[in-house]
Amino acid sequence: MRLKVEFTTEPFDLDEAPAHAVVAREVIQAAQLDAVDVGPFGNTAEGEADAVLTAVDALLRTSLAAGATRVSLQVNVIGEES
């Protein structure tokens, strides 16, 4: 099964990316995922279910440890493994 994750971390800072946003993005970019898109107001990535779920666990743990007070995420099934 393939999954797509969309997430944001808070609190926002429009002048400079907060540490919690930076570490969350680093986790997603380092994971074995494809179609990774990071931006100032949201981030998305797609991949095999195990890889997405492992990355979600890591991004929650690291972003909360780095000061996030809220992490909003949505995970959608987008298809079966090829």
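1. Two strands are said to pair if DSSP finds at least two bridges between them. Helices (H or I, at least four residues) and strands (E, at least two) are DSSP runs numbered from the N terminus. On these terms, strand 1 pairs with strand 4 (residues 70–79) in the antiparallel sense, over nine bridges. Within this pairing, Leu3 stands opposite Val77 of strand 4.

2. The basis of the note should be stated early. The model is predicted, so that local features need pLDDT of at least 70 and side-chain atom pairs count only at pLDDT 80 or more, while totals for chains, interfaces and linings use all residues. Residues are numbered from 1 along each chain as its sequence is written, and side-chain values use heavy atoms, with hydrogens and water left out.

3. Strand 1 (residues 2–10) also pairs with strand 3 (residues 43–48), again in the antiparallel sense and over six bridges. Two residue pairs may be inspected here. Arg2 has Glu48 of strand 3 as its bridge partner, and Val5 has Ala45, likewise in strand 3. Strand 1 is thus a partner of strand 3 and of strand 4.

4. Strand 3 has a further antiparallel partner in strand 2 (residues 34–38), with three bridges between them. One of the residue pairs is Asp37 with Thr44, the latter in strand 3. The connection from strand 2 to strand 3 is a hairpin through four residues.

5. Ala35 merits a check of its backbone. This residue is placed in strand 2, and its phi is near 55°, a positive value in a residue other than glycine. Is Ala35 buried, partly exposed or exposed? Ala35 counts as partly exposed because its relative accessibility is 47%; the class covers values between buried (under 20% relative accessible area) and exposed (over 50%), with a 1.4 Å probe and protein chains only.

6. The end of strand 1 leads to a second backbone feature. The peptide bond from Glu10 to Pro11 is cis, with omega near 10°. Pro11 itself lies in the loop between strand 1 and helix 1.

7. Glu10 can also be related to the helix. Ala21 is found in helix 1 (residues 19–30), and its C-alpha is 7.8 Å from that of Glu10, although eleven residues separate the two in sequence. Ala21 counts as buried because its relative accessibility is 9%.
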